[in-house]
Amino acid sequence: MTSGGRETFLFETHPSPMAASEREALLQNPGFGRVLTDHMATIRYSEGRGWHDAKIEPRKAFELSPSTVVLHYAQEIFEGMKAYRLPDGGATLFRPDANARRFTNSANRLAMAPLPEDLFVESVRALVRTDRDWIPAAEGASLYLRPFMIATEAILGVKPSSDYLYCVIASPVGSYFKGGAPAVTLWVSENYTRAAPGGTGEAKCGGNYAASLAAQAEATREGCDQVVFLDAVEKRWIEELGGMNVFFVFEDGSLQTPPLTGTILPGITRDSLITLARDLGLTVREEPYSIDQWQADAESGRLTEAFACGTAAVVTPIGKVKGRTRNFTIGDGGAGPVAARLKATLLDIQNGRAPDRHGWLDRLF
Ligand code: PLP
Ligand code: COI
């Protein structure tokens, strides 16, 4: 099979898709990741044959041998992106080429067969076009796309799998945080780190999230929304949250975000916000920032805002930070103007209300 081109995909339409009335009811209040659409995209890989059998098919369960590699050695990667409704009823993806590139990098790090990037983008486009009625129209809602790949060889020896299954599922979503929280509280993880130099921190693999769950559970027990991880070497430098990057805003109007040193996920929202902030004339530094400095700057008022960002979180202000020995508030603990402006700027582009000056939109219909 050659890559690229919609004709590459075999289309198998769902014989009994969800009734429109039931679907519309679910789209009213979808939450995050609870509801899935009717179809999925799948492509298979086997050594010697390469990528083959690209399909859009009715969503169904997989059948796997109990000895399948992914179940034992977690050879798995994924992506997260969204399709947005446009004012004229059309729909768009946002920088799907960037997700495709990151998926390749993740595959290489996990010693998996890389999927041709045009095939990645085409699979997402084909699925969204098939399930177009599932894209919510409400403000702040979108269709979340989850491309992922698992190692499917059935063998208990530890080695890269010879076979893979790539799949894309879609889920209509509203806000990631319950009730669309105006500002979240973070828990500083001192017992756990997320990624070490040379590890898999910059890959989007399931194992990173499995490793973050005990820290996230600790955060929840402490009444916090998300965990913030420090670097694994000095336990000093702020890295990122369990599923989001982080930005700091200072009283001189400048912004700072931790640099991409290999231990944090290179967020596409992070990259887009750096560009948009600079377009607005703001200074953005990609430099390390320590937890002690964060507390000192929040307490002195030098730091005026902080926010989390990601596909799921969009731009979410950080109101409070707690830890075993710390507890501080940022600004007045609510949403700040810089985060609000950047969020609006980003959402206006994604929803087709502002010009797409950087060529980030990939219009689907
Ligand atoms: N960091 C982590 C650990 C994430 O899971 C995500 C979400 O994908 C991000 C950062 C933000 O990345 P993006 O903006 O590409 O969604
Ligand atoms: C995303 O924003 O796409 C994420 O991956 C965060 C989380 C839902 C895992």
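Ligand 1 occupies the largest pocket of this predicted model. Strand S11 (238-241), helix H6 (268-279) and strand S15 (303-310) are the elements that each contribute two or more residues to the shell around the ligand.

The space in the largest pocket amounts to about 800 Å³. Its lining consists of 34 residues, and those nearest the pocket centre are Arg146, Tyr176, Tyr209, Gly243 and Ala312. Elements that give two or more residues to this lining are strand S4 (76-78), strand S7 (142-151), helix H5 (206-221), strand S10 (226-230), S11, H6 and S15. H5 supplies the largest share, with five residues. By class, the lining holds 15 nonpolar, 12 polar and seven charged residues.

Around ligand 1 there are 17 residues, of which Lys204, Tyr209, Glu240, Thr269 and Thr311 come nearest. This shell divides into six nonpolar, seven polar and four charged residues. Polar contacts from three side chains to the ligand are listed below.

| Residue (polar side-chain atom) | Ligand 1 atom | Distance |
|---|---|---|
| Lys204 | oxygen | 2.7 Å |
| Tyr209 | oxygen | 2.5 Å |
| Glu240 | nitrogen | 2.5 Å |

Taken alone, ligand 1 exposes 390 Å², and the protein buries 96% of that area. Tyr209 appears both among the residues that come nearest to ligand 1 and among those nearest the centre of the largest pocket. Likewise, S11, H6 and S15 give two or more residues to the ligand shell and two or more to the pocket lining.

Key. Residues numbered from 1 in each chain as written. Chains lettered and ligands numbered in written order. Predicted model: local features only at pLDDT ≥ 70, side-chain atom pairs only at ≥ 80, totals over all residues. Heavy atoms only, no water. Near = heavy atom within 4 Å. Polar contact = N/O pair within 3.5 Å; in protein donor to acceptor, adjacent residues only side chain to side chain. Areas by Shrake-Rupley, 256 points an atom, 1.4 Å probe, with all protein chains shown as cover. 1 Å grid on protein atoms, 1.4 Å probe; cavity = no way out; pocket = protein on both sides within 12 Å on 5 of 7 lines; lining within 4 Å. Sits in = over half its atoms within 2 Å of the grid points. Helix = DSSP H or I, 4+ residues; strand = E, 2+ residues; numbered from the N terminus. Nonpolar A, V, L, I, M, F, W, Y, C, P; charged D, E, K, R; others polar. Points joined across faces, edges and corners; volume = space filled by probe spheres on them.
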